[in-house]
Amino acid sequence: MSFVEEVAATHGGENICACIQCGICTGSCPTAGEMEYPPRKIIALIRAGMRGEVLSSSSMWHCLSCYMCTLRCPRDVRPAELAHALKSLASRYNYRIKGTRAPAIYHSFVSSMINNGRVHELGMILRYYLTTNPLVALKIFPVGLKLLLRRRMPLRPHKTSGRRSLARMVKKFREIRGSH
Amino acid sequence: MKRYAYYPGCSTESTAIGLGLSIKAVAGPLGIELEELEDWTCCGSVQYGSLDELEAILVATRNLALAEKKGLDLVTPCSSCFITLTSAGLQLRKNHLLMSQVNEALAVANLEYHGNVPVRHLTEVLASDVTTEVIASNVKYRLNGLKVAPYYGCQLVRPDYGFDDPDFPRSLDRLVESLGAEAIPFPLKSRCCGGTLVIPEEDMALGLIRKLLDNALENGAQCITTPCPLCQINLDAYQSRVNNKFKTHYNLPVLFITQLIGLALGIDAVSLGLNTNIVSPGRVLDDILGAGQEASHGA
Ligand code: SF4
Ligand code: SF4
């Protein structure tokens, strides 16, 4: 399977072949300036089969999911959803992403959610800083402290009983998909 | 009383506790009954969808299945939960294989989903079901003259699920106006605040937040109001970080729309969680209390 076929088979990448490279997505993207490959360009790279460049890129991790590109695209390519699909592919194949710590916060979020049933922000943030750079935590410590003092950062997670059924469902889903 | 199944979202119990509290405080007076889903779990948000786009649909659907048992519309106040739950439902309707796999997995928790839950954002319920007329008729303290920047954020109106214009939405403006306040023109009203990337990519996000604060002030805002938990925390808690970085002096209160409504209904500040806002909403409160006194003098 070529890379473009692989992407087109994902949930989010379905319409990639409809792209006419008009650049409206990039023109409407608030963080295009931070991306090595803004939306239009990353689509061009996918169609050129440059799998490694695309999946190891930090570009889609700079996407804010603001859906401006999806709204504006005249061909219904849905670049925002495509960014999710590309990040999922990169995660599935364990690509190491240089130049952004966004993957680490995403992983902290999901593990907090699976452990507790709901996200526990303090736990998520602590795990994030421990796995990336604990020193940076000092910089934003004042923000965290204010949230803590205003009761917006509970110390303990709210563990719901739903977490057990959630974990069972996820396990089962992986079995089902693994067997297909 | 109109009844709804209620999905609060994780943040209403923590970082956006002011949103959770103020919703509980205004629901009764506005004639809506929100039945919280028992045992709900996190919707997964963009984060889960960025690590495994299919499994993300499963974890969101657990909550849809809980709501379907109730047979009511599912209401959430969180913009991110709103698009996550809505999009999961839409995908399942289109993809029958996925629907059957999801149901096979749900079955281990004695749940099932048939695709019949309308997901609605609280802002839409307030504007369309409760209606601005009913809100206006319940106002005790009209917020006359208060200049409010209505900030929608991005995920409330995009992708376009059809309840408001994705570029120039008006529903929040109308809610603000129903309280007697002035919804100022706010060109960046549906631009992104940086979302969760404020943690790993702070510099990038602070730039976006600054533009929003600047645009609101330029247009004469005395405060900003938003329905979105993520927008509120970025504009409120990170305002001092913007000031540090850009040597600015912003001091603009950011209230949840339900806090603003609650004030106009005459509900006390603590019940509305206003003591949990970082930039003190004191000025807004003073204006309202002042106006309230004038109103009672006039009477
Ligand atoms: S806006 Fe759509 S068609 Fe145009 S370049 Fe972007 S993805 Fe392609
Ligand atoms: S959704 Fe992502 S790629 Fe699209 S405009 Fe927004 S930030 Fe850019």
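These legends describe close-up views of a predicted model.

**Figure 1. Chain A, overall fold.**
Chain A is built from ten helices and has zero strands. From the N terminus on, its elements read α-α-α-α-α-α-α-α-α-α. The C-alpha trace of chain A spans about 50 × 40 × 30 Å along its principal axes. Chain A has 180 residues, and 52% of them count as buried. Helices 2, 3, 5, 6, 7 and 10 of chain A return in the views below, where they border cavities or a pocket.

**Figure 2. Ligand 2 and its shell in chain A.**
Ligand 2 takes up the space of the largest cavity. One run of the shell goes from C63(A) through L64(A), S65(A), C66(A), Y67(A) and M68(A) to C69(A). C29(A), P30(A) and T31(A) also surround ligand 2. P39(A) and A80(A) complete the shell. By class, the shell around ligand 2 has ten nonpolar and two polar residues. No charged residue belongs to this shell.

**Figure 3. The largest cavity, seen through its lining.**
The structure holds four cavities of 30 Å³ or more. The volume of the largest cavity is about 210 Å³. Its lining counts 23 residues. Nearest the centre lie M35(A), P39(A), C63(A), P79(A) and A83(A). Helix 3, helix 5 (68–72) and helix 6 of chain A each give two or more residues to the lining of the largest cavity. Helix 6 of chain A has the largest share, with five residues. The lining divides into 20 nonpolar and three polar residues, with no charged ones. P39(A) and C63(A) lie nearest the cavity centre, and both also belong to the shell around ligand 2.

**Figure 4. Ligand 1 and its shell in chain A.**
Which cavity does ligand 1 take up? Ligand 1 takes the space of the second largest cavity. It is surrounded by 14 residues. The closest are C19(A), C22(A), G23(A), C25(A) and C73(A). Helix 2 (24–28) and helix 3 (39–47) of chain A each supply at least two residues of this shell. The shell around ligand 1 divides into ten nonpolar, two polar and two charged residues.

**Figure 5. The second largest cavity, seen through its lining.**
The second largest cavity holds about 90 Å³ of space. Its lining has 14 residues. C19(A), C22(A), C25(A), C73(A) and P74(A) lie nearest the centre. Helix 2 and helix 3 of chain A each supply at least two lining residues. Ten of the lining residues are nonpolar, two are polar and two are charged. C19(A), C22(A), C25(A) and C73(A) lie nearest the centre of this cavity, and these four cysteines are also among the closest residues to ligand 1.

**Figure 6. The second largest pocket, with residues from chains A and B.**
The second largest pocket has a volume of about 690 Å³. It is lined by 26 residues, and the closest to its centre are S91(A), R92(A), N94(A), H107(A) and L51(B). Helix 6 (79–92), helix 7 (102–116) and helix 10 (162–178) of chain A each give two or more residues to the lining of this pocket. Which helix gives the largest share of the lining? Helix 7 of chain A does, with six residues. By class, the lining of the second largest pocket has twelve nonpolar, five polar and nine charged residues. Helix 6 of chain A gives residues to this pocket and to the largest cavity.

**Figure 7. Cysteines of chain B without a disulfide.**
The structure holds zero disulfides over all chains. Why does C81(B) form no bond with C78(B)? C78(B) holds the closest cysteine sulfur, but that sulfur is 3.5 Å from the sulfur of C81(B), too far for a bond. A disulfide needs the two sulfur atoms within 2.5 Å. C81(B) is buried, with a relative accessible area of 5%. For C223(B), the closest cysteine sulfur is in C231(B), 15 Å away, so this pair is too far apart for a bond. C223(B) is also buried, at 0% relative accessibility.

**Figure 8. Helix 9 of chain B.**
Helix 9 of chain B covers residues 229–237. Is this helix mostly covered or exposed? It is mostly covered, with eight of its nine residues buried. The buried residues are P229(B), C231(B), Q232(B), I233(B), N234(B), L235(B), D236(B) and A237(B). C231(B), buried in this helix, holds the cysteine sulfur closest to that of C223(B).

How values were computed. Residues numbered from 1 in each chain as written. Chains lettered and ligands numbered in written order. Predicted model: local features only at pLDDT ≥ 70, side-chain atom pairs only at ≥ 80, totals over all residues. Heavy atoms only, no water. Near = heavy atom within 4 Å. 1 Å grid on protein atoms, 1.4 Å probe; cavity = no way out; pocket = protein on both sides within 12 Å on 5 of 7 lines; lining within 4 Å. Sits in = over half its atoms within 2 Å of the grid points. Nonpolar A, V, L, I, M, F, W, Y, C, P; charged D, E, K, R; others polar. Buried < 20%, exposed > 50% of the residue type's maximum accessible area, 1.4 Å probe, protein only. Helix = DSSP H or I, 4+ residues; strand = E, 2+ residues; numbered from the N terminus. Points joined across faces, edges and corners; volume = space filled by probe spheres on them.
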